[in-house]
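This report goes through selected features of a protein model with two chains shown together. Please have the sequence and the structure at hand while reading.

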Amino acid sequence: MKGKKIPGYKNMSKSFSKFLNPKYVYIPLIVRDELDVTVLVKKGNYVYKGMMIAKTKKEKYIPIYSSVSGFVVDTEVKTLYNNREVKCLKIENDFKEKYEEDNTYKLNEYTKEEFTELLRLMNIRGMGGADFPTYIKYEADKINMLVVNAIECEPYITADYTVIMNHIEEILEAIDAILEINKIDKCYIAIKKTNSKVKEKINTFLGTYPKIKLYEARNVYPMGWEKFLIREITKQSYNVLPSEKNIVVNNISTIYAIYEALKYHKPLMERIVTITGPMVKKPQNILVKVGTSVKDIIDNVGLKRNKDVVLVCGGPMMGKSVNDNLVITSNINCLLFLKDEELFISDNCFRCGKCSDVCPNNLSPVLIKDNLRNKERLKTLKPNLCVECGLCSYVCPAKINLRDYVVKAKGEVK
Amino acid sequence: MKEYHLKEGPFIKDKKTIDKVGLCLLISLVPIVLFTFYKNGIIPYVNGKTNILGLFYPLIFVLLSTFVTFITESLYYKFYFKKDIKTSMIKALKNYAIFPGLFLALVLPINTPLEILILGGIIASLVGKLIFGGFGNNIFNPALIGALFILTAYSLTISNSGGYLNSYEVDTISQSTPLSNVVTGIGSYDTLVKPYGSLSDFFIGTIPGAVGETSFLLCLIAFIFLTVTKSIKWVIPVFYIATVFIMTFIIGSINDLGIWYPLFQIFSGGLMFGAVFMATDPVTSPVTKPGQIIYGLMLGILTVTFRYLTVYPEGVLTSILTMNMFVFIIDKIGVKIKFSKKWLILPLSIILILGLSISISVGFSYQKTSEVDPNYKIISKDQNDNQTIYMVSEKGYGGNIEARITFEDGKILEILIVNQNESFFQKIVDADYINKLVSSDDVANIDTVSGATVSSTALKKMVINTWNDYKGDNNE
């Protein structure tokens with residue numbers, strides 16, 4: 001396993017604040033790729049915070065919740081993290097934060113069935129970026145190990161860091177409950193070896209949980225990628241999903257969302273997002289509501305300039321460039337504001353082989369680029385294994401965007 | 001609504017650029033160019049062997065060649081792509097146009113006439129690089145294409161104008177390059193190393209050889225610098241040099257030669273220069289790490305093969321150009337090995353068997369020739385009391401030399417030359433060479449007579465062979 005040490009840029013965004021009072025929220029009517037949802041409210045209806053306003057049509061539906069209390073105003077098309085344009089329910093915030101009910105529950109008094117059911121109903125989804133419904137992972141009959149991913153290997157992002165620094169007690173409590181409910185024996189919280197503040201923080205509270213261990217991973221990119229991480233910890237690899245090896249991997253922010261679901265039956269309606277980059281006046285982490293428009297966030301934090309800015313949704317390696325019609329969903333961990341300038345002019349490839357050296361999946365991007373038109377040869381180069389971590393493009397001295405070629409090749413061999 | 005520009009990620013990139021890699025390469029070559037200025041310019045000048053032009057000749061030689069490939073490529077871009085000359089020159093510079101010329105000058109003999117050097121530079125750029133589509137597309141190392149052209153087409157012209165020896169070396173060493181001695185036999189420390197000083201001269205580079213490739217030390221420093229700055233495929237030189245070392249170590253061990261022998265082999269013939277600068281040329285070497293390992297191993301085997309089994313003693317240039325052709329296939333294997341280590345077994349075992357069998361067979365082939373000298377004949381052998389009288393013959397410079405050698409109590413009593421037809425025999429008499437052969441305990445290490453090398457070597461062989469026969473009889 002290789003990977004590469006890359007600069008972190010993490011120190012610029014360690015402060016934490018909240019922005020929970022947008023005038024409107026825009027709740028996307030989509031669950032992962034599923035657009036076919038039933039809307040349960042009408043224009044002019046009053047909704048409570050945490051009230052189901054739409055759901056998918058399957059029997060085991062996934063609900064969609066309002067993250068504020070107020071009146072449904074209209075529908076409006078907004079942009080998602082992957083540049084997809086999606087219809088959203090526009091709700092006017094009355095700033096009363098009214099819940100339908102307000103109870104607390106005991107964390108470990110759930111059966112496994114109740115637990116997975118609750119995760120589904122509280123709309124808990126992977127907050128590291130994948131947006132995968134978390135309950136499906138726990139439906140497996142046998143789980144040997146839970147890996148809590150707190151690596152956060154993309155530069156600039158400190159959202160998970162902020163969650164740990166503010167909520168580690170709740171997180172540990174939730175992990176302990178999950179282990180007990182699902183009868184899991186082993187658990188690792190995986191952090192970067194070099195992240196001493198996080199290590200110190202977790203160690204302070206870890207003493208009372210003998211089952212939970214800290215795993216200190218090497219500081220290389222893309223360590224936070226599930227497959228890479230599992231290979232580092234267990235020396236085993238799987239094909240598609242960690243469940244093949246009876247392992248569940250959850251992002252640490254997702255664990256906190258699980259805590260709120262178990263404790264208060266609170267759906268996933270808020271998350272911490274890192275707002276950072278050289279174009280942001282004061283880089284910071286902000287707790288925002290799902291459905292908040294990025295324009296409102298920009299107005300709140302302030303940019304150094306409004307023109308010639310590139311907005312990246314996610315980290316600088318794997319994130320996508322988006323426009324400011326973006327709406328916050330639960331899997332967005334970072335908004336990165338960069339200068340709009342032609343930074344990288346690409347030269348001829350001089351075959352230094354660096355892309356082939358760094359690829360975490362042992363691909364040879366330069367050869368894939370050479371053989372883009374040669375389908376037979378392309379198959380032997382297995383571009384379909386690419387996870388699009390971007391390390392080949394990052395390392396290329398000729399500044400060639402190799403990932404684009406590999407992604408194209410993926411399409412060719414399908 | 002503000003619309004942001006949509007761009008392709010990743011949005012950060014490594015600081016290393018092609019220009020920086022080129023700069024590192026250039027920096028690593030500075031000491032080597034300065035060393036050739038010192039060795040081929042300053043030393044001859046200080047010793048009064050050359051004039052002020054000769055002092056700066058090495059620098060002129062290197063700069064001219066560099067300039068030629070740079071201008072050739074610039075003009076190519078100007079006329080082929082119809083760009084203005086400034087853009088063309090910048091493009092040439094960005095496309096490493098100076099390096100084929102720079103490297104070409106460094107791998108040629110110092111006495112290469114300048115007009116041939118210019119022609120070689122043009123060939124290097126045009127044939128080696130541009131007809132393949134320019135930077136990044138060439139299959140063969142451009143500098144070596146130029147060098148191959150010059151060394152095959154003009155070898156006679158070059159050797160007539162002095163070959164590899166600079167004006168100082170012509171007078172002090174009067175032999176050609178160290179490896180040319182290997183062709184005539186396995187050699188010994190005295191025939192291979194001593195004529196040029198000691199092994200440290202080989203290490204530092206004060207030995208005859210191509211303009212810039214004699215110094216192992218400076219190439220080693222360049223290698224370390226380039227590896228630390230991540231500018232070369234460091235795997236290739238490591239496996240290349242190691243393979244040559246191990247194979248020549250086996251060959252040397254079979255022939256009872258010490259550790260100096262493999263060191264001599266890796267210190268000479270521009271091996272280190274070729275390994276660090278030519279074999280690692282990114283464009284013409286494999287891109288996969290396992291491929292680079294195979295490439296290095298195969299280069300080592302080929303170089304040893306060329307050195308021992310062909311009449312081309314240096315072997316580095318030819319090995320690299322040969323392996324350039326197989327990069328495509330090697331990368332195919334490299335890709336397979338990257339996905340599954342089990343693909344490593346077959347190529348590696350083939351290479352291992354190939355390397356071992358070549359080393360062992362080469363090693364033993366020399367042993368046989370040293371046991372049975374076809375030119376040596378025992379005409380008669382008489383034993384009485386404590387004396388053994390041999391009549392022997394050995395092929396000399398002008399036919400067979402016949403001699404009567406008398407042994408008494410395990411010592412040579414007398415060597416009497418009965419018949420000879422040697423042109424320079426007087427020199428042997430003048431050097432008191434026969435008496436040295438009689439009285440020495442270690443005949444093999446007697447210096448031969450300069451000016452009558454063939455004759456004195458023949459006499460030496462004759463005595464050694466007779467000694468071997470005498471010792472064989474007395475041990476029984």
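How much area does chain B expose, and what share of it do carbon and sulfur atoms supply? The exposed area of chain B is about 21,500 Å², and 65% of this comes from carbon and sulfur atoms. The model is predicted, and the values below are computed from it.

## Chain B as a whole

Chain B has 476 residues, and 50% of them are buried. Its secondary structure consists of 21 helices and 4 strands. The C-alpha trace of chain B spans about 120 × 60 × 30 Å along its principal axes. Of the contacts in chain B with a separation of 6 or more, 65% are between residues 24 or more positions apart.

The charged side chains of chain B number 36 positive and 34 negative. The centres of these two sets are 21 Å apart.

## Where the two chains meet

The size of an interface is often given as the accessible area lost when the parts come together. For chain B and chain A, about 4,200 Å² is buried between them, and carbon and sulfur atoms account for 57% of that area. In chain B, the residues that lose the most area to chain A are B:Tyr4, B:Phe11 and B:Lys13, which together make up 20% of what that side buries. In terms of contacts, 36 residues of chain B touch 61 residues of chain A.

## Two covered strands in chain A

Strand β14 of chain A covers residues 284-289, and 6 of its 6 residues are buried. A:Gln284, A:Ile286 and A:Val288 point one way from the strand, while A:Asn285, A:Leu287 and A:Lys289 point the other way. Strand β14(A) pairs with two strands named here. With β1 of chain A, residues 16-19, the pairing is parallel and has 4 bridges; in it A:Ser17 stands opposite A:Ile286. With β13 of chain A, residues 270-276, the pairing is antiparallel and has 6 bridges; there A:Ile275 has A:Gln284 as its bridge partner.

Strand β9 of chain A, residues 145-149, is also mostly covered, with 5 of its 5 residues buried. A:Met145, A:Val147 and A:Asn149 point to one side of β9(A), and A:Leu146 and A:Val148 to the other. Strand β9(A) runs parallel to β10 of chain A, residues 186-192, and 5 bridges join them. A:Leu146 in β9(A) is placed opposite A:Cys187 in β10(A).

## A buried threonine and a partly exposed arginine

Is A:Thr134 buried or exposed? A:Thr134 counts as buried because its relative accessible area is 1%, and the cut-off for buried is under 20%. This residue belongs to helix α2 of chain A, residues 134-138. Beyond its neighbours within four places in sequence, A:Thr134 has contacts that include A:Leu119, A:Ile124, A:Arg125 and A:Gly126. Also among them are A:Asn250, A:Thr254 and A:Ile258.

A:Arg218 is in the loop between β11 (212-217) and α5 (226-234) of chain A. Its relative accessibility is 31%, so A:Arg218 is classed as partly exposed. A:Arg218 and A:Lys192 are 26 residues apart in sequence, and their C-alpha atoms are 6.1 Å apart in space.

## Backbone exceptions

Most residues other than glycine have a negative phi, and most peptide bonds are trans. Which residues does a cis peptide bond join in chain A? The bond is between A:Tyr221 and A:Pro222, with omega about -5°. A:Pro222 is in the loop between β11 and α5 of chain A. In chain B, the peptide bond from B:Gly9 to B:Pro10 is cis, and its omega is near -10°. B:Pro10 lies in the segment before α1 (18-46) of chain B.

Positive phi values occur at A:Arg32, near 50°, and at A:Tyr156, about 75°. A:Arg32 is in the loop between β2 (24-28) and β3 (37-39) of chain A, and its relative accessibility of 36% makes A:Arg32 partly exposed. A:Tyr156 is in the loop between β9 and α3 (159-182) of chain A, and at 6% relative accessibility A:Tyr156 is buried.

How values were computed:
Residues are numbered from 1 along each chain as its sequence is written. Chains are lettered from A and ligands numbered from 1 in the order in which they are written. This is a predicted model: local features need pLDDT of at least 70, side-chain atom pairs count only at pLDDT 80 or more; totals for chains, interfaces and linings use all residues. Side-chain values use heavy atoms; hydrogens and water are left out. Buried means under 20% relative accessible area, exposed over 50%, partly exposed in between (1.4 Å probe, protein chains only). Contact means heavy atoms within 4.5 Å. Two strands pair if DSSP finds at least two bridges between them. Accessible areas come from the Shrake-Rupley method with a 1.4 Å probe; for residues, only the protein chains shown count as cover. Lys and Arg count as positive and Asp and Glu as negative; His and the chain ends are not counted. The place of a charge is taken as NZ of Lys, CZ of Arg, CG of Asp or CD of Glu. Buried area is the accessible area (1.4 Å probe) that two parts lose on being put together, summed over both.
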